[in-house]
Amino acid sequence: MYLLFTALALLLILILWKFIKLNIWRNKCSQLMTGTHPGFLNPLGDVSTLLMKYMMRPNRETLHINFFKLLTYHYERFKNEQMFCMWIAYVPFVMIIKADAAKELLKGLKHNEKSWVYDFLEPFFGEGLLTSGGEKWKARRKLLTPCFHSDIMKDFQSVFNENCQKLADAFQAETKKDFTIIDNFIKLSSLDMMCETIFGVKVNALENENSQYAKAGIKLGEIFMGRIYNFWMWPQFIYEATKYYKDQEYHLKIMQDFTTSVIKEKKARYINEGGEGEQKRRKTLMDMMLERHFKFQDMNEDDIREEVNTFIMEGHDTIAISIIWTLFLIGLHPEIQAKLHEELDRTFGSDREGAVTIDDLNKLNYMECVLKESNRIYTVVPVFGRKIYEDTEICGHTVPKGASCMILNYYLHRDESVYPDPERFDPDRFLPENAAKIPEYAHLPFSAGPRNCIGKVFAMLEMKTILSYILRRFVLKSLDGRDKVKTVIHVVLNNSIPIRIRFRNRPMD
């Protein structure tokens with residue numbers, strides 16, 4: 001009994017000593033950076049208030065909304081600074097909110113590793129381009145960059161045209177209704193385009209809302225954010241005991257089984273045809289990776305599966321959300337919509353349904369401004385991070401080793417010194433004469449630096465094609481204002497309620 005008591009006493013002393021050391025370290029680091037300074041008796045740091053509110057109303061939406069409110073509160077306190085620090089327990093998160101600090105963090109290869117938060121995505125993407133680091137990331141990026149060459153992108157335009165025509169036809173059937181909830185239409189159509197360009201497979205998600213593959217992808221995004229917000233699930237051994245983990249494994253198997261079956265089918269066809277058939281068909285991204293697998297042996301089947309899952313899950317959701325927000329804003333601003341209609345009429349004449357070429361898209365300069373401004377206000381990826389492996393100075397502040405630097409895109413894009421009246425939707429900000437005044441790292445919808453989005457050209461082509469098919473044919477009116485449709489920080493920047501738009505046919509001249 002004496003030994004047990006002694007052992008417990010020693011354990012308590014060790015825990016207390018560790019607690020004191022962590023508090024001393026946190027207090028020391030807090031003095032080096034602008035930001036919050038949690039007290040000695042606040043082991044949870046800045047999430048203590050978040051946890052209390054969650055305990056009062058224990059549901060996932062409470063966490064989403066209150067986390068966003070917490071970020072906004074601290075942003076308003078420190079918005080004149082380059083960055084500020086928040087603490088989740090004893091883990092520092094340095095929030096970057098100005099272009100200069102973003103540039104120092106992103107411009108080189110020194111801080112090229114993603115934040116440890118991305119480790120939670122590894123079950124979904126393996127060590128693909130999004131989650132890998134170091135030499136593996138460099139080699140994989142170099143290997144995959146040719147797959148997104150502009151000449152390759154031209155081959156995908158026919159896929160975009162076919163699917164955008166189907167999407168416009170689906171909205172045509174909605175023109176007699178008072179309003180249409182556009183979210184699922186856009187998400188499913190985007191998934192169709194991604195699957196056909198990546199896999200070379202038609203999943204027909206737009207025509208089949210019950211697609212298990214589509215549902216699995218949406219559910220996995222919800223599971224990931226559930227784990228992020230519920231910080232007590234960060235330790236793997238705790239997470240594996242939860243329902244979140246069981247749901248993750250179930251939906252992950254659906255996606256992986258589908259990907260594996262497509263790889264096997266294409267691999268068998270490649271072997272049977274000796275690679276000659278692939279020269280005649282339009283190549284998908286998977287075809288190009290399989291070529292490397294057979295010719296150079298620098299990608300195995302697991303590598304291919306990691307990358308295609310990354311492109312599809314990351315790509316279709318970001319493009320879809322970007323289009324949803326853009327249509328919402330266009331539907332609120334008839335004067336901007338009129339300018340888009342004028343530009344489309346100059347480019348296509350009276351042709352409301354014909355195929356769109358790359359040359360056509362290159363003429364749609366004002367549309368590109370609209371997309372950039374939409375992505376400024378409703379930046380699709382509202383936050384992304386880098387891990388700091390050694391004490392680092394950024395804009396005169398010392399960021400401690402082990403911290404995660406998070407680019408708060410949502411707030412970076414609202415810097416009043418760069419974007420006067422930042423909540424105003426004004427595509428003219430991105431006209432050439434105005435865009436030249438925007439600092440290099442003040443607009444980051446596709447990130448920047450060596451780890452910028454490899455598919456940004458692909459995304460812009462798809463988004464402009466979608467808008468051209470919809471706006472050539474329809475006049476849009478959003479039925480809910482921005483005061484009612486709130487933002488929710490998810491894997492992407494989601495809308496708090498479904499987007500309701502009234503579609504009416506444009507009058508023929």
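Q: How do I read the sheet that contains E3, E11 and E8: in what order do the strands come, and is the pairing parallel or antiparallel?

A: Start with who sits beside whom, then look at direction. This is a predicted model, and here 3 strands make an open sheet, ordered E3-E11-E8, with antiparallel pairing. E3 (180–181) and E8 (474–478) are the edge strands, each having a single partner strand, so one side of each has no neighbour in the sheet.

Q: How many bridges hold E3 to E11?

A: There are 2 bridges between E3 and E11 (residues 500–505), in the antiparallel sense. If you want a pair to click on, Thr180 has Ile501 in E11 as its bridge partner.

Q: And where do side chains point in a strand, as a rule?

A: In a regular strand, side chains alternate between the two faces of the sheet.

Q: Let's move to E2. Is strand E2 mostly buried or exposed?

A: Count the buried residues along the strand. In E2 (residues 91–96), 5 of the 6 residues are buried, so the strand is largely enclosed by the rest of the structure.

Q: Which strands pair with E2, and in which sense?

A: Take the partners one at a time. E1 (residues 83–88) pairs with E2 in the antiparallel sense, over 6 bridges, and Cys85 is opposite Val94 of E2. E2 is also joined to E7 (residues 404–408) by 4 bridges, and those two run parallel. On that side, Met95 has Met406 in E7 as its bridge partner.

Q: What links E1 to E2, and which turn residue has a positive phi?

A: E1 and E2 form a hairpin with 2 residues between them. Ala89, in the turn, has a positive phi of about 60°.

Q: How many residues of helix H13 are buried?

A: Same trick: go along the element and count. H13 (residues 285–295) is mostly covered, with 8 of its 11 residues buried. Among them are Leu285, Met286, Met288, Met289 and Leu290, and also Asp287, Glu291 and His293. Following H13 comes Gln297, whose phi is positive, near 55°.

Q: How many disulfides does the structure hold?

A: Look at the distances between cysteine sulfurs; a pair has to be within 2.5 Å to count. The structure holds 0 disulfides. Take Cys369: it is in no disulfide, and the nearest cysteine sulfur, belonging to Cys453, is 20 Å away.

Q: Are Cys369 and Cys453 buried or exposed?

A: Cys369 counts as buried, at 6% relative accessibility. Cys453 is partly exposed, with a relative accessible area of 30%.

Q: Where does His443 sit, and which residues does it touch?

A: Locate the residue first, then list its surroundings. His443 lies in the loop between H19 (432–435) and H20 (456–473), and it is buried, with a relative accessible area of 17%. Not counting residues up to four places away in sequence, His443 touches Lys372, Asn375, Arg376, His413, Tyr419 and Phe430. For Lys372 there's a polar detail too: its backbone oxygen lies 3.1 Å from a polar atom of the His443 side chain.

Q: What can I learn from residues far apart along the chain, say Glu393 and Glu104?

A: Compare the sequence separation with the distance in space. Glu393 and Glu104 are 289 residues apart along the chain, while their C-alpha atoms are separated by 9.1 Å. Glu393 is in strand E5 (residues 392–394) and counts as exposed at 58% relative accessibility. Leaving aside neighbours within four places in sequence, Glu393 is in contact with Glu104 and Thr398.

Q: Which residues does Gln236 contact?

A: With neighbours within four places left aside, Gln236 is in contact with Arg227 and Tyr245. Gln236 belongs to helix H10 (residues 236–239) and is partly exposed, at 38% relative accessibility. Its C-alpha atom is 9.2 Å from that of Phe120, which is 116 residues away along the chain.

Q: Zooming out, what does the radius of gyration of the protein chain say?

A: Compare it with what a compact globule would give. For 509 residues that is near 23 Å, and the protein chain has 24 Å, which agrees. The C-alpha atoms fill a box of roughly 90 × 60 × 40 Å along the principal axes.

Q: How many helices and strands are there, and what share of residues is buried?

A: The protein chain has 20 helices and 11 strands, and buried residues make up 55% of its 509 residues. Of the contacts with a separation of 6 or more, 72% are between residues 24 or more positions apart. The chain exposes about 23,200 Å², with carbon and sulfur atoms supplying 57% of that.

Key
Residues numbered from 1 in each chain as written. Predicted model: local features only at pLDDT ≥ 70, side-chain atom pairs only at ≥ 80, totals over all residues. Heavy atoms only, no water. Pairing = 2+ DSSP bridges. Buried < 20%, exposed > 50% of the residue type's maximum accessible area, 1.4 Å probe, protein only. Polar contact = N/O pair within 3.5 Å; in protein donor to acceptor, adjacent residues only side chain to side chain. Contact = heavy atoms within 4.5 Å. Rg over C-alpha atoms; globule rule 2.2 N^0.38 Å. Areas by Shrake-Rupley, 256 points an atom, 1.4 Å probe, with all protein chains shown as cover.
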